[in-house]
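Trainee: I would like a close look at a single part of this model, taken slowly and with its surroundings explained. Please begin from the detail I ask about below and then work outwards.

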Amino acid sequence: MKILECYIENFGTLHGMKCTLKEGLNTLNADNGWGKSTFAAFIRAMFYGMDAKKRGSRYDQRDYRTNLDPWQGGRYGGYLIFEVNGKRYRATRYFGDMIRDDSFELVDLETGNPSEDYSERLGEELFGIDASGFERTVYIPQNSLQTGKDESINARLIGLLEGDMNLGSYDNAVKILKECRRELKVRGGRGKIDGELDEIASIEHSIRQAQEKVAETNSLKEVLKDAVEDKRIKRNAEEAAQKDLNEFLSQNMGGKKTVGFLVFGLILLLLDAIVIGFDIQTNGPPSINNLSFLMKIGLGVLIVAILLIITGIILKIKGKQVEKQTTEELDRLQDAVKEGRLAYEDATARESELNRQIDTLSAETEDINQLRENLTALKEETEKDRQHLWLLDETIAKLSEAKENLTGNYLDRMRRHFDRYIKELFPEGLEAGIDNDLQISVEGQGAMHPLQTLSMGTQDLINLCARFALADALYEEDKPCIVLDDVMNNLDNKHFNDLMKVVEKLSDSYQIIYLTCNTSRIPVET
């Protein structure tokens, strides 16, 4: 891919600028404040657009929309004509205060018609890398020479990027797997498996409680049987006492004393009549004038009266004794009935209370069979989740192992290019290495030291070697343009000349846009 022409309108400090570019090395020398960095940012914006403005008043070098928004207002942007695979296009973008105000158009210059070969994600589709990866590889602004780990770069290096940027990268895959794992098991007991284990413990506790309540219910039912039998016995005892009382009342109540007196009087009268009859039989029938006979009759009546009086007195005395005994027996029988009734009522209340306790326990006792079914189903689900967790852990481990292998492959590729550039720029000998995070260290006195221990010029030179090596490792076929924005100001003349030789050789494979404000930093042939 190469850029042929660009037009910049109202973009930062550049207004109505148009320029053409050639293959190989393109050098643009201009004073400070002219807009060289704006020009570099324009190329980036044409390929990748711009993010929304960042909040806050603090300056951010990558807040392009805020930094490039023209002070006088209005739309800003332009177009870029580029060629890829022998076909020419014009990409036009204009920007507003908000992303929704932006516009994009791609035209096929052979037909003059809008093209759908690429979308607004032009840079991603052309270079197979996102804006962040572009900035860390071939877009090299001043004071931002360092390499660094980036998901898009890693994905590109290990060959996992698709043309539509639908990442199947390790980091995305592991992120998804870890999200799934976090749903199942996380620290602090908040995962699905933790919840299932808590629920299993709760169900098992409920089963134990239900079993205890069933045992208690069965025990109460046995007690209830005894209470029912005791109630029956108490009922029979009450009924027997009532029967004894009823019989006693029927035998001892109603005129028995009077009958006794009458019977006794009749007996006396009968005896008197017998005496009189015997007298008549002996002496003949009495006459009215017979005083002896009348006296006998009177005497008999008197005797009967006396005997009746005596008998009455005796009976009254006896009656009081009988009445006292009867009253005592009646009280005893009535007390027995009362005690029997109270005992029966207590037994009835005891039976009712036992039935209430049994009903309460039965209502509170959960269905043990249902609980056991739920427990079995939950244990099966937990076992499946544990198997799933094990598979996730195994998959993450295998992916990590695969990444290490892939990382070793692409880092080996990058390190080979890096070593080649180091040898070209430091023929006197310099040992430098790049770790898995693309951090650079240098050897000295038998130990590795951070790159920052060297001078700024040496740091810049080594960082440029890493950038070029990264570009070679990333773009083995389709080569993007490389933008160098005032990146050589810290180099001495020797290192500048050595680096320019490398850049000129690099321009055989890449289109390079080199921006500088220093006339001493212009290559001899441009």
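Which ring does the charged end of Arg-235 sit over, and how many Å is it from the centre of that ring?

Mentor: The charged end of Arg-235 sits over the ring of Tyr-344, at 4.9 Å from the ring centre. This is a predicted model, and the distances that follow are to be read as computed from it. Next to Tyr-344 in the numbering comes Glu-345, which lies in helix α9, a helix spanning residues 291–364. Glu-345 counts as partly exposed, because its relative accessibility is 42%, and its C-alpha atom is separated by 8.3 Å from that of Lys-231, although the two positions lie 114 residues apart along the chain. A second arrangement of a charge and a ring is found at Arg-420, which lies over the face of Tyr-421 at 4.5 Å from the ring centre.

From a charge over a ring we can turn to rings paired with each other, of which a search of the whole structure finds 12 pairs. One of them joins Phe-11 and Tyr-76, whose rings are 5.8 Å apart from centre to centre, with 55 degrees between their planes, so that the pair is classed as tilted, a class that covers angles that are neither under 30 degrees nor over 60. This pair links distant parts of the chain, since Phe-11 belongs to the loop between β1 (2–9) and β2 (17–20) while Tyr-76 belongs to strand β4 (residues 76–84), 65 residues apart. Phe-11 is buried, with a relative accessible area of 0%, and Tyr-76 is likewise buried at 0%. Elsewhere, ring pairs link Phe-47, Tyr-48, Phe-127, Phe-134 and Tyr-139 into a cluster.

The loop that holds Phe-11 also holds Asn-10, which is found between β1 and β2. Asn-10 is not a glycine, yet it has a positive phi of about 55 degrees. Most residues other than glycine have a negative phi. Asn-10 counts as buried because its relative accessible area, 13%, is under the 20% cut-off. Asn-85 also has a positive phi of about 55 degrees without being a glycine, and its place is in the loop between β4 and β5 (87–95). Asn-85, however, is exposed, with a relative accessible area of 71%.

Strand β1 itself contains Glu-5, a residue that is buried, with a relative accessible area of 16%. The side chain of Glu-5 makes a polar contact with the side chain of Tyr-79 at 2.7 Å. Leaving out residues up to four places away in sequence, Glu-5 touches Lys-18, Cys-19, Thr-20, Tyr-79, Leu-80 and Ile-81.

Cys-19 appears again among the residues touched by Phe-39, a list that, with residues up to four places away in sequence set aside, also includes Cys-6, Ile-8, Leu-14, Met-17, Leu-28, Ile-513 and Leu-515. Phe-39 is one of the residues in the largest nonpolar core, which has 82 residues, and together with Phe-418, Phe-468, Leu-484 and Met-488 it touches the most other members. The largest share of this core, 11 residues, comes from helix α11 (residues 456–474). In soluble globular proteins, nonpolar side chains tend to be buried together.

The loop between α11 and β12 (482–485) is the place of Cys-481, which is buried, with a relative accessible area of 0%. The C-alpha atoms of Cys-481 and Met-1 are separated by 7.3 Å, although the two residues are 480 residues apart along the chain. Beyond its neighbours within four places in sequence, Cys-481 is in contact with Met-1, Ile-3, Ile-43, Val-138 and Gln-511.

For the chain as a whole, the secondary structure comes to 12 helices and 13 strands, and 40% of the 526 residues count as buried. Among contacts with a separation of 6 or more, residues 24 or more positions apart account for 68%. As for confidence, the mean pLDDT of the chain is 81, and 79% of its residues reach 70 or more. Two stretches call for care: pLDDT stays under 50 over residues 160–168, for which the model has 22 contacts beyond four places in sequence, and pLDDT also stays under 50 over residues 254–258, for which the model has three such contacts.

Note on methods: Residues numbered from 1 in each chain as written. Predicted model: local features only at pLDDT ≥ 70, side-chain atom pairs only at ≥ 80, totals over all residues. Heavy atoms only, no water. Phe/Tyr/Trp six-rings, centres within 6.5 Å; stacked < 30°, edge-to-face > 60°. Helix = DSSP H or I, 4+ residues; strand = E, 2+ residues; numbered from the N terminus. Buried < 20%, exposed > 50% of the residue type's maximum accessible area, 1.4 Å probe, protein only. Lys NZ or Arg CZ within 6 Å of the ring centre and 35° of its normal. Polar contact = N/O pair within 3.5 Å; in protein donor to acceptor, adjacent residues only side chain to side chain. Contact = heavy atoms within 4.5 Å. Core = buried A, V, L, I, M, F, W, Y, C linked by side-chain atoms within 4.5 Å. pLDDT = per-residue confidence, 0-100.
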